[in-house]
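Subject: Structure handover

Hello,

Here is the structure I promised to pass on. Please open it alongside this note.

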Amino acid sequence: MATTPADRGPDSTLAFLRAGYRFIGERCDRYGSDIFRTRILLAPTICLRGRPAATLFYDTERFRRREAMPLRVQRTLTGRGGVQGLDGPEHRDRKAMLMSIMTPAAIGQLGQLFDDEWQARIPAWEGAAPVTLYDELGRLLTRVVCSWAGVPLAASQVDRRTVELHAMIEAPAIVGPRHWRGLLARRRAERWIADIIERTRIGTLPAPAGSALKVIAEHRDAQGRLLPRRIAAVELLNVLRPTVAVDRFIVFAALALHDHPAWRQRVRGDDEATEQFVQEVRRYYPFFPAAAAQVRRSFDWQGHHFPRGRRVLLDLYGTNHHPALWPEPELFRPERFAGRPVDPFHLIPQGGGDHWTGHRCAGEWITIDLMKRAVTNLTSAMRYEVPPQDLAVDLRRMPALPPSGLTLTNIRRTD
Ligand code: HEM
Ligand code: MYR
């Protein structure tokens, strides 16, 4: 039996919060091993990175998700009782419900709304004071996703709901006020959406056919039961919140265009180049650090023991930067995706494996589509300048973002 390298000391939670996205990778490099043992939030934890590890992690015979996510993540980011914590037939049923919303036509409609809103906003950005892309995109995506999902949202409520959705995303990996704001935001948002679910069910709020609101409000499980109102709210928020979170990837895409200006020309009118660029943004920039699961029953893998009930973290960021998978992983090089076949376990910013049977992100296609449209809008629909500002992405802050939120000036429409 191989000895699994182990962190010394009683607990590594503080080290995790200090090192951020590099926590697992740094230790793997130090131990010369893509697997090691540690303690996080006092719980013994096995950390993994790399392609073989990702393949193992998504084997649902070996791992389950029930109680796998730390409570502080559930209480802010994901909510409790939603698809992220389900296993077996219950997960399949709930995931099928969510995937049924993600048809190519529906994704196209969301994208069209996004493009229309973006282009309609350009006159307001033109010539005005500096525009912070992150703030603008948060409000824009909140309006667009609510309209697409069938969720009514008065103009006067846009700012407030954007703040709530952002607060949930900001909260999971920190202690103190930023965490408390996330707790409060989740309570308020669940109440807001549970009320909308109820009004849809009693017929006072019409929901468009195929919309996320209608699908989730009317979904019946294998026993023919509607979802409890609060769980339905958690699932609808699982569509709204992460769609707004795409603003972070778009800010990273704008940052990459700024740092690699040659790509501004290359992506223009070229769908393949745009796709390569977007995939490299998803690989390169830090977003979701690690996925969590629990050992279903004891087993050995490559000589390492996985005891029943043990928490396991798969390093998503570290796998996307693994030197064995990505030549010169710390260079931003979209052309690395040219002609490269899609592999479900090598590019895993939104999880790996299968969308329907596993826990891979339900919104991956939406994310890619919105990012491609954003890159096209940034390069073809407008020109702008990026004045001096703090753009240094701090890998210790989870989730990460350039501190300035990316301020643009002298915006002009170009078509
Ligand atoms: C799951 C990342 C956007 C809906 C996940 C997971 C990650 C992730 C890492 C967990 C994978 C795992 O546990 O193995 C992201 C990132 C996004 C994003 C970085 C960029 C903004 C979206 C969007 C939607 C969405 C746009 C929906 C419209 C979901 C859902 C799950 C999920 C429902 C749970 C799937 C399951 O447990 O079966 N996402 N996601 N995400 N994501 Fe996303
Ligand atoms: C979503 O809203 O579901 C997608 C994007 C949110 C990412 C936020 C990541 C913050 C850190 C999470 C820590 C998890 C540690 C296991």
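Below is what I found, first the sheet and then the ligand site.

Keep in mind that this is a predicted model.

The sheet

There is an open sheet of three strands, in the order E4-E10-E9, with antiparallel pairing. E4 and E9 are the edge strands. Each has a single partner strand, so one side of each has no neighbour in the sheet.

Start with the E4 side. E4 covers residues 131–132 and E10 covers residues 407–413. The two are joined in the antiparallel sense by two bridges. Here Val 131 sits opposite Leu 408 of E10.

Now the other side. E9 runs over residues 382–385 and pairs with E10 through three bridges, again in the antiparallel sense. Two positions help to trace this pairing. Met 382 faces Arg 413 in E10. Glu 385 has Thr 409 of E10 as its bridge partner.

The ligand site

Ligand 1 is surrounded by 25 residues. The closest are Pro 242, Phe 288, Gly 351, Cys 361 and Gly 363. Three helices give two or more residues each to this shell: H5 (88–99), H11 (229–259) and H15 (364–381). Which element gives the largest share? That is H11, with seven residues.

By residue type, the shell around ligand 1 has 15 nonpolar, eight polar and two charged residues.

Best wishes

Key: Residues numbered from 1 in each chain as written. Chains lettered and ligands numbered in written order. Predicted model: local features only at pLDDT ≥ 70, side-chain atom pairs only at ≥ 80, totals over all residues. Pairing = 2+ DSSP bridges. Helix = DSSP H or I, 4+ residues; strand = E, 2+ residues; numbered from the N terminus. Near = placed C-beta within 6 Å. Nonpolar A, V, L, I, M, F, W, Y, C, P; charged D, E, K, R; others polar.
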